[in-house]
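Q: Please take a close look at the interior of this model, meaning its covered strands and the spaces between its elements. I would like one connected account, with the cut-offs behind each term stated where the term comes in.

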Amino acid sequence: MPVLKNFTPNCINEVPIAHVRNNDEGMKVESLVEHTELVVEYYQSFIELKHINKCLKSMIGDKEWNIVLYLMKEAVKYHDYGKLSPIFQNKINNRSTGGKDSGHSYLSAIMYMEKMTKYIRSGSKCKELGENKMLSIMHLFANNIKGHHTSIDSIYKKERRKTAPHFYNKVNEYETNIRMKLEELQSFVSEDYILPSFNVNVKELDKRYFYLGKLHYSLLINSDFLATTAFFNDYDQRTQSAKDVVKNLFLSKETIDSFREYYEQTPLMSSIRQKKITSEMNILRTEIFLEVEKNFLKRPFEKVYYLTSPTGSGKTNIGFNIALLIAEYQKKSKIVQVLPLNAVGEQSFDFIQSMLEHTEVNAEFINSSGIYNSEVDVERTTEWYDIYHLHRQMLGFKYIVTSHVRMFDSLFSSNRIRNLPLFHLCNSVVIIDEIQAYSENKWQEIAYALNDVAEFYNITFVIMSATMVYLNQFLQKESYDLLENKSYYLTHPVFKNRFRVDDSYLNKVNTISDVVDMIKKLNQKDKRILIEVETKKKAYELYCLISENVLKDNVMLLTSDENRFARNVIIQALKKENDNGNFLLKDVVLIATSVIEYGVDIDFDIGIKQVTALDAEEQFGGRINRSNKRSGVLYPIDLDDAMRSHLRSGYRYRLDNRFALYKLSDNDKQLEALREKKIDELYTSIINCINDEKMPELLTIYKNKDYNNLEECMKLIEENDYQETYFIPYIDSQNNQSLDGYLVYSEYLQLLTNLNLGYGEKKIKLLENRSKMEPFLFKVNKKTAEKLGLKKSEEENKPFYYSERSDLLEDVIILDAKYKRLISLV
């Protein structure tokens, strides 16, 4: 007996409705049949793509191919069937539901399971392949239906140290509600309906099916989003077929060829190919570029490449070239550049844009701080905004620059919106810069996870760093480094001798006061000094002491508390040169935290760094004599609270293994490794230690189909709740522009409350408005906010609090530019 009786809902034209749209032209209805047909059409267009078909074949065996594809497609077809419910139809027709649950996802999943259970139990082929196995696979797809408006849930989940059948308990609970609580559905659901048995072997399905379930979820929600967007934008989706829409999301051979043609004609590439180079550093950069290219061509079909290259050796350009080569040889559909910080992303994005300037493709920089590119020469209709916003959610562009966190969310999150990009990342080439920046607690999981998504989703990874951790060592697999002769370049005098390591202060400087005394001794005319400490509190304390006792002017502070506007003012001032190529700011001290370690393009003569980890010291060294025009020196120091602050700073991407090895080992040995650029030997010892201590948690996650825990396991940075963001308006004329925070906030509120804007248009305009808001956004420690009397309303549904306390701001002037800072930052 089917789950539903023969039933005709009481609705408009007696046709079950999926969506209703109201606008100036009145009400328009989309039937459930119309919506389902379009969703299935998009889905079918997706799986017919050659690269998606290839991914599916890596996860589905030949014998079960037809049956599993049928189960997948039927899940897409049934995803909204629960909307046949009279409660849902009452709601969508604006009739009373009596306060009853009108949700349709659970009911859709139950209807799908009943139908597919009958199919599986009645088919000889399913019996031959194993009835329980087919039922288990079916449950993965039913789970996707259940969560297609929320998240992909765990089948089995850790609950109070026990593993519980999470999905099954939830569905049983819902089925009980249908019977016991929802009177309307009691007459709608068959009286003798019994939910299919859950005594099946879901845990026995190997990791292929884990990743198949996740990809199916992404395919389902992409199809649903595109079909729903088509209806709510009131455009005829048949004017451009689903196949054409899908095709336009990915790179073609013609597009890649045009990339290559233009790229080779740029002045940069002409100088490399013709070797028209004068400086010794650029000669080495060219040698590295050409060796990497040659080594790729020796093995052009690997899934994971490594590139260990010195800081300042032109990795951005090398990575761009390798990405194009992989796209050409492996017929890739998308290129993604992944970087640790937004500040680094902006610099790389500018370079990539210049390389694509005269091609048909624009790069997109996807982050949460604003929009750095969009199609500027198009008419921005409501339809354009909705599609553009959806494409940003999907990563539906051909060349993307984004952050590590966004990338890992796209691959491993259980959330519906964050799963949209997964399908689009299949068959892509992904350049990952500085992955070792994160806690080594994550390295083992990252190694296994990247290996698996490379295999099942046909993603090719290129992992780049000057301080490389070879993740393949966790898997006991070969690590193919594209710079085979890396030791030669890492130890070449041009790179190695840009700075020397001087440990004469290592055991003498233990307090902030000691650092101030050290600066007094080192401070010389025309010398630029960079200091890095572990905490923002210490950085601010040092900033105040040096400003008062050493250098009145040109003392700067750069921590994660500074907003992007202030950070850009600081960096641009530090980079300014006169006509002779000399820095305008010569006598300057910058006190910073670890935000300057990765990719920040600044150049100093003297570096003073609180010891943390050898790779961090090397990355810090990349800010010293970066241009190799002068001489540089790095002074490691050991502040008294180094160990304590380090061990509690999980948010700072660090853990204790690297630091503990540094602290507990012979300092001379560690410093020698830094001087001789043998940091990879340290990494090998850490990897061996981790492998000896534990097995990857992913193995248990795969077995339990625990998608929620996958997200937790692969989370790179833990959310911190000790800071709040405040919008503090002020009026000022600075940097050749007039800043009016009251006007900017008024524009923000107008956007937020404008009911005439479509959803996509509002989202994009708010994101564009974000850059205007940057000068007025301040991160504040909760205790500091309380101390300063920054009041907030708990009812504010905004990503920040509003406070008119401009009296708490002070001017900071650097050269001819200035910005505002909170008087108290700690």
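A: The account below goes from the covered strands to a helix and a single residue, and then to the cavities and a pocket.

The model is predicted, and local features are therefore described only at pLDDT of at least 70 and side-chain atom pairs only at pLDDT 80 or more, while totals for chains, interfaces and linings use all residues. Residues are numbered from 1 along each chain as its sequence is written, and side-chain values rest on heavy atoms, with hydrogens and water left out.

Strand E6 covers residues 334-339, where strands (E, at least two residues) and helices (H or I, at least four) are DSSP runs numbered from the N terminus. Six of its six residues are buried, so E6 is largely enclosed by the rest of the structure; buried means under 20% relative accessible area and exposed over 50%, with partly exposed in between, for a 1.4 Å probe and protein chains only. In a regular strand, side chains alternate between the two faces of the sheet. For E6, Lys-334, Val-336 and Val-338 lie on one side and Ile-335, Gln-337 and Leu-339 on the other, and all of them are buried. E6 runs parallel to strand E9 (residues 428-433), to which it is joined by five bridges, and strands count as paired if DSSP finds at least two bridges between them. In that pairing Ile-335 stands opposite Val-429 of E9. E6 also pairs in the parallel sense with strand E8 (residues 399-403), over five bridges, and there Leu-339 stands opposite Ser-403.

Strand E12 (residues 528-532) is likewise mostly covered, with five of its five residues buried. Arg-528, Leu-530 and Glu-532 point one way from E12, whereas Ile-529 and Ile-531 point the other way. Strand E14 (residues 588-592) runs parallel to E12 and is joined to it by five bridges, with Val-589 as the bridge partner of Ile-529. Strand E15 (residues 606-610) is also parallel to E12, and this pairing has four bridges; within it, Leu-530 stands opposite Gly-607.

Helix H30 is covered on one side. It has 15 residues (679-693) and reaches 22 Å from its first C-alpha to its last, close to the 21 Å expected at 1.5 Å a residue, the expected span being 1.5 Å times one less than the number of residues. Its buried residues are Ile-679, Leu-682, Tyr-683, Ile-686, Ile-687 and Ile-690. These residues cover an arc of only 135° around the axis, which puts them on the same side of H30; the arc is that of the directions from the helix axis to the C-beta atoms. Glu-681 and Asp-692, on the other side of H30, are exposed.

A single residue, Ala-230, belongs to helix H10 (residues 207-232), and its 0% relative accessibility counts as buried. Ala-230 and Leu-38 are 192 residues apart in sequence, and their C-alpha atoms are 9.3 Å apart in space.

The spaces come next. On a 1 Å grid over the protein atoms alone, a cavity is a set of points where a 1.4 Å probe fits but cannot get out, a pocket is an open set with protein on both sides within 12 Å along at least five of seven lines, and lining residues have an atom within 4 Å of a point. Grid points are joined across faces, edges and corners, and a volume is the space filled by probe spheres set on the points. The whole structure holds two cavities of 30 Å³ or more.

The largest cavity has a volume of about 70 Å³, and its lining residues include Pro-310, Leu-490, Phe-499, Glu-618 and Lys-677. Helix H22 (493-496) and helix H26 (614-621) each supply at least two residues of this lining, which has four nonpolar, three polar and four charged residues; Ala, Val, Leu, Ile, Met, Phe, Trp, Tyr, Cys and Pro count as nonpolar, Asp, Glu, Lys and Arg as charged, and the others, Gly among them, as polar.

The second largest cavity holds about 50 Å³ of space and is lined by ten residues, of which Asp-561, Glu-562, Asn-563, Phe-778 and Lys-820 lie nearest its centre. Strand E20 (777-781) and strand E23 (817-822) each contribute at least two of the lining residues, and E23 gives the largest share, three residues. By class, the lining has four nonpolar, one polar and five charged residues.

The second largest pocket has a volume of about 1,200 Å³. Of the 45 residues in its lining, Arg-285, Gly-312, Gly-314, Asp-601 and Arg-626 lie nearest the centre. Helices H13 (267-274), H14 (280-298), H15 (315-330) and H16 (342-355) each supply at least two residues of this lining, which divides into twelve nonpolar, 16 polar and 17 charged residues.
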